[in-house]
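I opened this notebook to keep track of what I looked up, one topic at a time. Each entry below records what I asked and what I found.

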Amino acid sequence: MAQSDSDTIFALSSGTLPAGVAVLRLSGSRAFQAAVHLAGELPADRKAGLRTIRNRNGLIIDQALVLSFPAPGSFTGEDCVEIHLHGSRAVVSAVYQELEAIDGLRLAEAGEFSRRAFENGKLDLVEVEGLADLIAAETEMQRRLAVEQGFGGQSALYMAWAERLTRARALIEAELDFADEDDVPGSVSERVWAEVADLYLEIEEHIASAKAGEIIRDGYKVVIAGPPNAGKSSLLNALAKRDVAIVTEIAGTTRDLLHVDIDMEGYLVRFFDTAGLRESVDRVEQEGVRRARIAIGQADLVLQLEEIDSDSKHVLDGVKAEVLRVGTKADMRGQSALYDLTISSQTGDGLEELRSLILQKLRETWSGSLVPNRARHLQYLKEASHFIAEALNGRELDLRAESLRAAASSLGRITGRVDVEQLLDVIFSQFCIGK
């Protein structure tokens, strides 16, 4: 049977089965009818009531809490029902069979509840993406960033910018339309363009903070690099507090990239162990070195390890990231002022200082302010900035006004205030079925 946006949809909105509780969500015009079919008379709106869930033959499936949310005061803006079942696969399967037998009901597609919330004006696109990030958040800083985005803070900023552009454009077009009228000031441009220039600087500053959003969302990439036997794998194991990498005295033991994710005071830090950097005739080791150089090029911070007082001094060329020179095996080699930091993975000396340095750099990266954290946001922000610069540098007043309209339209595409149909399938496909 063909699927329709008018269908009533259902799916689990809770976690993987089996579980203590399974929350089944229904949304659409037949949600209440379907719930009555399962549970009989529904409790008062937004009040939980214990009900016996029965199949079409009257046999008991389960006992569950039932809550109803009439439109438009629900997550999707439609009539919604939540049924809190025991989280057994057999229970959920039996309820699914009953619902699938009702005309006009079907299992929800990925992200379909959130898409209906967007289409019914309950969420904009930035809030939808923030909700996805909140569900996926694993660290405290990821949660904070998602809350700023998902609960309207980011949307309010972009909408305020778009309104300022619209207001400026209205004043300019008034000057164009009523230039001969006595009650129109001789020129509104002088005050308008000063405000537009201020807005341009605000957007540019916001764009410059995008790296912080990327780091909080995707993790701070720290690459451990250096020659063979410099102690790279030992450091990775010491930071992870478990054996992640094989450690031997044989040069070239590490052939491929190894990585471990560590939550450091709420920040996600991704440490990468790489193959020792040296010339080799071994094709496998050559590939490991090639991958190591790619990782170094993508790093936010490179820890360049060298055994203290060793003859192997490898210089990292063309590295865009900050490089921290670390002397290793301090328990055997002693201290040295030639490095930014000396450590011993064996005894733990210097590791706490290394962690503190990394945390200091992370705190400098993000202060908790609103930052763009998706490539889609950044693309449209750059478009808006380009159009504003075009307006500021233009000569013909009507063309400059059109550039302001285009800039406001780009900002509107971030929140979904203008036509963005081509983006919707991509955005909502990130969600699980029950969302």
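Before checking a helix, I wrote down the rule that its expected span is 1.5 Å times one less than its number of residues. I also noted that this is a predicted model, so every value below is computed from predicted atoms.

**Entry: one helix checked for length**

I asked how far apart the end C-alpha atoms of helix α13 are. Helix α13 covers residues 375-393, and because its 19 residues at 1.5 Å a residue should span 27 Å, I compared that with the 27 Å between its end C-alpha atoms and found that the two agree. I then looked up which residues of α13 are buried, and the list is Arg 376, His 377, Tyr 380, Leu 381, Ala 384, Ser 385, Ile 388, Ala 389 and Ala 391. Beside this I wrote a reminder that an α-helix has 3.6 residues a turn, so residues three or four places apart point the same way.

**Entry: the chain as a whole**

I recorded that the chain has 15 helices and 12 strands, and that 49% of its 435 residues count as buried. For the accessible surface I noted about 21,600 Å², with 49% of it belonging to carbon and sulfur atoms. Among the contacts with a separation of 6 or more, I found that 62% are between residues 24 or more positions apart.

**Entry: aromatic pairs**

How many aromatic pairs are there? I took the rule that ring centres must lie within 6.5 Å, and the count comes to 2. Phe 10 and Tyr 96 form an edge-to-face pair, with 5.3 Å from centre to centre and 70 degrees between the planes. This pair links distant parts of the chain, since Phe 10 is in strand β1 (residues 8-12) and Tyr 96 is in helix α2 (residues 89-100), 86 residues apart. I checked their exposure as well, and both Phe 10 and Tyr 96 are buried.

Tyr 158 and Trp 161 form a tilted pair, at 5.8 Å centre to centre and with 45 degrees between the planes. Both of these residues lie in helix α6 (residues 153-177), and they are 3 residues apart, about one turn of the helix. Tyr 158 counts as buried because its relative accessibility is 1%, and Trp 161 is buried with a relative accessible area of 3%, where the cut-off is under 20%.

**Entry: charges over rings**

I looked next for charged ends that sit over rings. The charged end of Arg 400 sits over the ring of Trp 193, 3.9 Å from its centre, while Arg 25 lies over the face of Phe 113, at 5.3 Å from the ring centre.

**Entry: a loop residue, Thr 76**

Is Thr 76 buried or exposed? I placed Thr 76 in the loop between β4 (60-69) and β5 (80-87), and I found that Thr 76 counts as buried because its relative accessibility is 0%. Leaving aside neighbours within four places in sequence, Thr 76 is in contact with Ser 27, Phe 113, Arg 116, Ala 117, Asn 120 and Lys 122.

**Entry: nonpolar cores**

In soluble globular proteins, nonpolar side chains tend to be buried together. The largest nonpolar core here has 34 residues, and those that touch the most other members are Tyr 220, Leu 235, Val 269, Phe 271, Leu 303, Leu 354 and Ile 358. I followed Val 269 further and, not counting residues up to four places away in sequence, found that Val 269 touches Tyr 220, Val 222, Val 260, Asp 261, Ile 262, Met 264, Ile 358 and Leu 362. Apart from this largest core lies another core of 30 residues, among them Leu 26, Ala 34, Ala 35 and Val 95.

**Entry: backbone details**

Which peptide bonds did I note as cis? The bond from Leu 17 to Pro 18 is cis, with omega near -5 degrees, and Pro 18 is in the loop between β1 and β2 (19-27). A cis peptide bond also joins Ala 71 and Pro 72, where omega is about 0 degrees, and Pro 72 is in the loop between β4 and β5.

I also noted positive phi values in residues other than glycine. Arg 46, in the loop between α1 (31-39) and β3 (49-54), has a phi of about 65 degrees, and its relative accessibility of 42% is why Arg 46 counts as partly exposed. Glu 265, in the loop between β8 (258-264) and β9 (267-273), has a phi near 55 degrees, and Glu 265 is exposed, with a relative accessible area of 56%.

Technical notes. Residues numbered from 1 in each chain as written. Predicted model: local features only at pLDDT ≥ 70, side-chain atom pairs only at ≥ 80, totals over all residues. Heavy atoms only, no water. Helix = DSSP H or I, 4+ residues; strand = E, 2+ residues; numbered from the N terminus. Buried < 20%, exposed > 50% of the residue type's maximum accessible area, 1.4 Å probe, protein only. Phe/Tyr/Trp six-rings, centres within 6.5 Å; stacked < 30°, edge-to-face > 60°. Lys NZ or Arg CZ within 6 Å of the ring centre and 35° of its normal. Contact = heavy atoms within 4.5 Å. Core = buried A, V, L, I, M, F, W, Y, C linked by side-chain atoms within 4.5 Å. Areas by Shrake-Rupley, 256 points an atom, 1.4 Å probe, with all protein chains shown as cover.
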